[in-house]
Amino acid sequence: MSCRLRPMTGNFFTYPHQQYQASKASIATNLYQRASETAYKQQNRLYSAPAPGSVPLSKQKYVPTSGTYPKGFLASGIHVGVKPSNTQFPDLALLASLTPCSGAAVFTQNKFQAAPVTISRRVLERRSGEGIRAIIVNSGCANAVTGKGGLDDATAMGSTVDSCFDRSEGPPAGASTTLVMSTGVIGQRLPISKILRAIPNAYSALSSTHTDWLLAARAICTTDTFPKLLSRTFSLPSSPGITYSLAGMTKGAGMIHPNMATLLGMLFTDAPIPAKTLQPLLAHAVDRSFNAISVDGDTSTNDTLALLANGAAGGRPITSAESEDGRALTEIITSFTQELSQLVVRDGEGATKFVRVRVVNASSFHDARKIASTIARSPLVKTALYGKDANWGRILCAIGYTDGLSPGAVVPEKTSVSFVPTDGSTALKLLVKGEPESVDEARAGMILGEEDLEILVDLGGGEGGAGEEEASYWFCDFSHEYVTINGDYRT
């Protein structure tokens, strides 16, 4: 079948599937507003997870009802049935640009890197980050630890997408322009024939509507309870009259403690940014966002975050991350990735709390981040928060055993710990310069009874007393449901 995009005059495009837009919008509405009672009964889980396709009432506020998406980027999400048990929900997403893009990515540091990670890294290296056209993502199977066959499958997914583009305007045959991502169960092969047959349909379904961006975000989900999609507009100092757009989607609810240097993320902008500028910009943002979240302390084999820029909005190219435009864009993308990554924590498997741990007055950013990360990973801290127990000794314990700190980074006599309510009321001091406070247990219980909480750790400047660096980590608690969810993940 043909899978060419057909441009019209102006900024609008028609697609072979256009007549199905109304029904697709209806499908998307049903996916996110109603539960499938039959499918829920068939799933037969014993914890209080939402029915498939529904979004819990408490999470619906995080699902956008509209968006402003970058010029020249299109999205689709279609049902393939990668997992035999999935008979109706989208599980194949395609994100594409009408013109070649600059691209950058950061990948998992897990030693067992999934086939899509290897292939996507290879694509970016061979093309020096330029000429990228698309990202293809499947959920339901991670294509990880699958040997040579898995690499062949990931390569085939990319080349099949490549074949859908107009080759007369694209790169020569053999130089893939498509990044590949997969998420789901590790150690199983993809139903690759089924996926390859569906890719032209995903291409034909490409659209710029909010409905299609949301379907793509839904298609990359696994145990997520809601699709994670954000968009915003911005301007740059050199082009104040141009409005740029930035969009992003991510997935993840478990196996989350990224070390990017089963979480996937994609960012898209119509700003003109060459690949040599994209990579350091993305690395800076990720260190302060996706590499600063934790659900359960596990780093997936598939962690990937990619950023594509097609320059479709025009303006002066941003040739350096250190330029005025580069610094402004670094702040914009860092703030955006923090907001996007925090949606993963809010959707943590079985989570009842969203917690920020902020470490201040540290000797270095490295020390502050290591301590925040250790607290965020501590099962004892996380279970105490779930039980609404102000057991601050567990926080101190985690600070004390943090590895890799510089000498004198932690001085017990200078260390203070507080619970900071998110309603703006006075912080509850637990430890002040090494001396324990008399804790109001009733107020502590009220603070811990809220969904959002901040833990503030003040290191007092460290041994030299001059430290002013700080870092934050965002994490959730451990509940009974987390154990149940992961105890029957495959069954």
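In these legends, a residue is called buried under 20% relative accessible area, exposed over 50% and partly exposed in between, with a 1.4 Å probe and protein chains only. The model shown is predicted, and local features therefore need pLDDT of at least 70 and side-chain atom pairs count only at pLDDT 80 or more, whereas totals for chains, interfaces and linings use all residues. Residues are numbered from 1 along each chain as its sequence is written, and side-chain values use heavy atoms, with hydrogens and water left out.

**View 1. The whole protein chain, with 13 helices and 17 strands.** Helices (H or I, at least four residues) and strands (E, at least two) are DSSP runs, numbered from the N terminus. Of the 491 residues of the chain, 55% count as buried. The chain exposes about 20,200 Å², of which carbon and sulfur atoms supply 51%; accessible areas come from the Shrake-Rupley method with a 1.4 Å probe, and for residues only the protein chains shown count as cover.

**View 2. A nonpolar surface patch formed by Phe112, Val145 and Ile186.** Patches are made of residues with over 30% relative accessible area and no salt bridge, like charges being joined within 9 Å and nonpolar side chains (Val, Leu, Ile, Met, Phe, Trp, Tyr) within 5 Å. Together the three residues of this patch have about 290 Å² of accessible area. Val145 lies in the loop between strand E5 (130-141) and helix H4 (147-164), while Ile186 lies in the loop between strand E6 (178-185) and helix H5 (192-204). Although Val145 and Ile186 are 41 residues apart in sequence, their C-alpha atoms are 6.7 Å apart in space. Leaving aside neighbours within four places in sequence, Val145 is in contact (heavy atoms within 4.5 Å) with Phe112, Ile186 and Gly187. Ile186 counts as partly exposed because its relative accessible area is 33%.

**View 3. Two loop residues, Ser128 and Lys433, with positive phi.** Ser128 is not a glycine, yet its phi is positive, at about 50°; the residue sits in the loop between helix H3 (115-126) and E5. With 56% relative accessibility, Ser128 counts as exposed. Lys433, likewise not a glycine, has a positive phi of about 50° and is placed in the loop between strand E14 (428-432) and strand E15 (435-436). Lys433 is exposed, because its relative accessible area is 60%.

**View 4. An open sheet of 7 strands with mixed pairing.** The strand order is E10-E17-E12-E16-E13-E14-E15. Strand E10 (293-294) and E15 stand at the edges, each with a single partner strand, so one side of each has no neighbour in the sheet. Two strands are taken to pair if DSSP finds at least two bridges between them. Strand E13 (residues 416-420) and E14 pair in the antiparallel sense over 3 bridges, and the bridge partner of Ser418 in E14 is Lys429.

**View 5. Salt bridges, with 12 counted in the model.** A salt bridge is a side-chain nitrogen of Lys or Arg within 4 Å of a carboxyl oxygen of Asp or Glu. Side chains of opposite charge can pair when their charged atoms come close. Arg232 forms such a bridge with Glu339, the closest N and O atoms being 2.6 Å apart; Arg232 is partly exposed at 24% relative accessible area, and Glu339 is also partly exposed, at 36%. The side chains of Glu451 and Arg346 meet in a salt bridge of 3.7 Å, N to O. This pair links distant parts of the chain, 105 residues apart, with Glu451 in the loop between helix H12 (441-448) and strand E16 (452-458) and Arg346 in helix H8 (residues 324-346). Glu451 is partly exposed at 33%, whereas Arg346, at 16% relative accessibility, counts as buried.

**View 6. The salt bridge between Arg358 and Glu454, and a network.** The side chains of Arg358 and Glu454 meet at 3.2 Å, N to O. Because Arg358 lies in strand E12 (residues 354-362) and Glu454 in strand E16, the pair ties together parts that are 96 residues apart in sequence. Arg358 is partly exposed at 22% relative accessibility, and Glu454 counts as buried at 12%. Lys59, Asp224, Lys228 and Asp347 are joined into one network by salt bridges that share partners.

**View 7. Cysteines Cys101 and Cys476.** A disulfide is a covalent bond between the sulfur atoms of two cysteines. With a pair of cysteine sulfur atoms within 2.5 Å as the criterion, a search of the whole structure finds 0 disulfides. Cys101 counts as buried at 2% relative accessibility, and Cys476 is buried with a relative accessible area of 0%.
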